[in-house]
Each structure stands twice: as structure tokens, then as C-alpha cells.
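Visitor: I'm new to this one. Could you show it to me and take a few questions?

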Amino acid sequence: MVKQKLHTARNQTFKAHRNGIKKPIKHRYRSTKGMDPKFLRNARYALHGTRRALKKKRAVAENIMEQVNKGAKHVTLRSGRRIPLFLCGGEMISVSNRNVMRLLLHNQAALAALFDKYAKDGEMSREEGLKFAFDFDIVPDICNRAQFLELWALVNRSEAADDDVNQCDSEEFTELVVRLGAFYAPGEFNLQDDTTAGLAAAFRVLLTFMNNSRGGSSMKSKFKIGKITGN
């Protein structure tokens with residue numbers, strides 16, 4: 001018995017392309033038509049709270065340079081940590097504190113390899129610096145993007161700085177990492193005196209955090225964080 005062919009795709013392709021096959025229109029906000037009213041009402045309140053929290057966060061965000069220019073005795077961060085003025089000035093912390101110097105000496109190769117990974121032609125741009133910060137979870141776990149860029153600008157005013165404020169060389173990068181530890185490493189540290197081991201302890205906490213971060217898992221050699229500093 002002969003089977004009959006009841007369907008064919010002939011002419012359908014031609015008809016589909018008469019006005020062109022267009023992608024569906026994408027809107028910035030999807031329609032809420034048909035959604036649960038209780039869910040929509042709660043989402044509206046949540047969005048309002050989020051916007052209010054962000055506005056408050058921007059309002060209380062510390063401006064380190066502004067506090068320094070006002071002649072304050074110390075800089076107070078949003079976390080409550082007080083940073084002495086010598087950590088906000090032009091003096092290089094990485095060479096003025098002997099405890100930090102010892103720690104840097106043991107991690108010199110790892111820091112150099114890290115800088116070479118992100119820098120181009122011996123200079124690291126702000127975008128490359130931010131990529132480093134995101135890869136090692138420094139942003140947003142340790143500090144936010146604005147705070148990182150604020151420290152970037154601060155380092156470019158220090159003794160390690162060159163003429164280009166948008167680039168960091170290896171010396172400036174080392175200074176940046178040390179100051180990140182001093183300003184934002186989690187914990188309580190005595191930073192009031194540049195001769196104490198509090199600064200080195202904060203730096204050690206930051207290196208420990210970087211070892212355990214996403215970027216740290218791909219490092220060939222981890223940072224040496226043993227207690228190698230003196231008092």
C-alpha cells in the first residue's frame with residue numbers, strides 16, 4: 001500500500017524570509033504583567049532599600065586625600081580604623097619599616113612574578129591593577145573599587161612615584177600592596193608607630209588572604225607568610 005505524504009516544507013523558507021527573520025525585541029526591564037502582586041510589592045520595597053543603602057554608602061565613603069589636605073591628625077576609615085598620617089604621606093612604607101622589608105625580601109620573587117603577569121612593558125595601568133584586584137578578590141572582599149583607586153592615587157604621590165600617575169612600576173606596585181594591607185586587611189593592628197610590627201602583621205594577613213583567593217590558587221609559588229619578622 002502506498003503511503004501518502006501529508007506535509008512538506010516547500011515554500012515555507014521563502015515565506016519566512018520575505019520580511020526577514022528578526023531577533024525578538026529585548027527590553028531593558030522585563031514586563032511584570034501576570035506576576036504575583038505580593039512578590040512585586042516586596043521587590044519594590046527591596047529595591048528602595050538597596051538604593052537607599054547605596055546612597056548612604058557613597059555619602060559616608062571616606063576620601064583619604066581630602067582628610068589629609070584638611071590637616072587631620074589621622075585618617076579615619078569607614079570601618080573605624082585610624083590610619084596615622086605617616087601612612088598617608090609620601091614616605092615609602094615598604095622601605096621605612098624593617099619588619100615589612102624582611103617580609104618583602106622573602107616574597108620578592110613572588111611579587112615580581114605577580115607584577116610581570118599583569119603589567120605590560122614594565123608598567124601596570126589602572127585597568128590592569130583593577131584586574132589584579134578582582135582576580136585576587138581584593139575587590140570587593142577587602143575594599144571596594146573606589147577605595148582601591150584612592151590608594152592607587154596615594155601611591156602615585158609617594159616617593160616611589162614616577163611622572164605617570166596612571167601607571168605603576170614594580171616599586172609602586174609593591175608599595176600599593178603594602179598599603180592595601182595597612183588600610184584594609186581584616187583584623188586589629190597597632191599602626192600608630194612605624195617601628196612596631198603591626199604594619200607587618202597587617203601585610204601578612206593580606207598575603208594570607210591572597211594565597212587563599214582565586215588568583216592565589218593559580219600562582220606557581222605562594223607567598224611565604226611565616227612569622228619571619230622581628231619585633
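Visitor: Which helix gives the largest share of the largest nonpolar core?

Guide: That core, a set of buried Ala, Val, Leu, Ile, Met, Phe, Trp, Tyr and Cys residues joined through side-chain atoms within 4.5 Å, has 48 residues. Buried means under 20% relative accessible area, exposed over 50%, partly exposed in between (1.4 Å probe, protein chains only). Helices here are DSSP runs of H or I, at least four residues, numbered from the N terminus. With 8 residues, the largest share comes from helix 10.

Visitor: Before we go on, what kind of model is this?

Guide: Residues are numbered from 1 along each chain as its sequence is written, and side-chain values use heavy atoms, without hydrogens and water. Local features need pLDDT of at least 70, side-chain atom pairs count only at pLDDT 80 or more, and totals for chains, interfaces and linings use all residues, as this is a predicted model.

Visitor: How many residues apart are Asp137 and Arg214?

Guide: Their side chains meet in a salt bridge at 2.8 Å, N to O; the term needs a side-chain nitrogen of Lys or Arg within 4 Å of a carboxyl oxygen of Asp or Glu. Asp137 sits in the loop between helix 7 and helix 8, and Arg214 in the segment after helix 11, so the pair links distant parts of the chain, 77 residues apart.

Visitor: Is Arg179 buried or exposed?

Guide: Arg179 forms a salt bridge with Glu175, and both lie in helix 10, about one turn apart. Glu175 has 0% relative accessibility. Arg179 has a relative accessible area of 0% too, which means it counts as buried.

Terms used. Helix = DSSP H or I, 4+ residues; strand = E, 2+ residues; numbered from the N terminus.
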